[in-house]
Amino acid sequence: MFGQGLLKGLAITWKELFTRKVTVQYPEEKVPLPERYHGRFELDVDKCIACGLCANACPNKVIQITKEKVGKKQYLTRYVMRIEYCLFCGLCVESCNKGALRFSHVINMNQYYRDKVRLVLVDRPVPESLPEEEPAEPAAERPAAARAKNARAEVAAGKAPGEEG
């Protein structure tokens with residue numbers, strides 16, 4: 001019959017006219033985000049041990065890590081993500097064994113200039129010195145177990161316990 005398609009189209013239009021609207025006025029209203037939403041990255045610097053697992057897991061080599069070794073500890077001095085190449089796949093977040101890198105629920109990541117696109121999560125100088133170590137206790141104030149251990153070590157080295165030199 002002629003006009004059957006027109007009638008089906010109008011029926012759909014009238015049905016959708018009375019359904020609930022899904023449009024959200026974005027800046028004023030916020031959309032509820034799922035718990036596992038992949039938004040902007042956050043880095044907890046106190047948890048990060050600068051191991052580089054996140055940089056190795058990234059398929060596009062987006063993450064650039066600079067670390068310095070001071071004494072026996074590694075310090076993260078610079079952590080930069082080139083977000084323009086990021087797939088937001090989450091492999092870097094999964095590979096972080098300390099849970100330092102995670103996704104946040106920040107939606108708005110737009111930038112007007114290309115040089116502002118890079119996400120610098122950490123940019124700090126290397127610490128000048130290590131934290132002060134505890135001063136050595138005099139032999140009389142040391143626990144008995146520590147004195148006995150030192151005495152055994154001196155005997156094994158061929159010296160008399162408590163002998164200098």
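**A tour of rings, pockets and cavities**

Three aromatic pairs are found in this structure, which is a predicted model.

**Stop 1: the W14 pair.** Select W14 and F18. Their rings form a stacked pair, with 6.3 Å from centre to centre and 25° between the planes. Turn on the surface: W14 and F18 are both exposed.

**Stop 2: the F41 pair.** Now select F41 and F103. Their ring centres are 4.8 Å apart and their planes meet at 35°, so this pair is tilted. Colour by strand next. F41 belongs to strand β1 (residues 41-43) and F103 to strand β4 (residues 101-103). The pair thus joins distant parts of the chain, 62 residues apart. Are these two residues, F41 and F103, buried or exposed? Both F41 and F103 are buried. Add F88 to the selection: ring pairs link F41, F88 and F103 into a cluster.

**Stop 3: the largest pocket.** Keep F103 selected, as F103 is one of the residues that line the largest pocket. Add E35, R36, Y37 and H38, then C89, G90, V93 and E94, and finally S104 and H105 to show the lining. The volume of this pocket is about 190 Å³. Its lining is mixed: four nonpolar residues, four polar and three charged.

**Stop 4: the second largest pocket.** Clear the selection. Pick V45, D46, C48, I49 and A50, then K73, Q74, Y75 and L76, and last R124. These residues line the second largest pocket, whose volume is about 150 Å³. Here the lining has six nonpolar residues, one polar and three charged.

**Stop 5: the cavities.** How many cavities of 30 Å³ or more does a search of the whole structure find? There are two. The largest cavity has a volume of about 110 Å³. To reach its centre, select C48, A50, C51, C54 and C96, the closest to that point of the 16 lining residues. Then show α2 (53-57) and β3 (73-81), the elements that each give two or more residues to this lining. By class, the lining of the largest cavity holds 12 nonpolar residues, two polar and two charged. C48 and A50 are already familiar, since they also appear among the residues lining the second largest pocket.

**Stop 6: the second largest cavity.** Its volume is about 90 Å³. Select C58, P59, C86, C89 and C92: of the 14 residues in the lining, these are the closest to the centre of the second largest cavity. Its lining divides into 12 nonpolar residues, two polar and no charged. C89 was also in the lining of the largest pocket.

How values were computed:
Residues are numbered from 1 along each chain as its sequence is written. This is a predicted model: local features need pLDDT of at least 70, side-chain atom pairs count only at pLDDT 80 or more; totals for chains, interfaces and linings use all residues. Side-chain values use heavy atoms; hydrogens and water are left out. On a 1 Å grid over the protein atoms alone, a cavity is a set of points where a 1.4 Å probe fits but cannot get out, and a pocket is an open set with protein on both sides within 12 Å along at least five of seven lines; lining residues have an atom within 4 Å of a point. Grid points are joined across faces, edges and corners, and a volume is the space filled by probe spheres set on the points. Ala, Val, Leu, Ile, Met, Phe, Trp, Tyr, Cys and Pro count as nonpolar, Asp, Glu, Lys and Arg as charged, and the others, Gly among them, as polar. Helices (H or I, at least four residues) and strands (E, at least two) are DSSP runs, numbered from the N terminus. Rings of Phe, Tyr and Trp (its six-membered ring) pair if their centres lie within 6.5 Å; planes under 30 degrees apart count as stacked, over 60 as edge-to-face and the rest as tilted. Buried means under 20% relative accessible area, exposed over 50%, partly exposed in between (1.4 Å probe, protein chains only).
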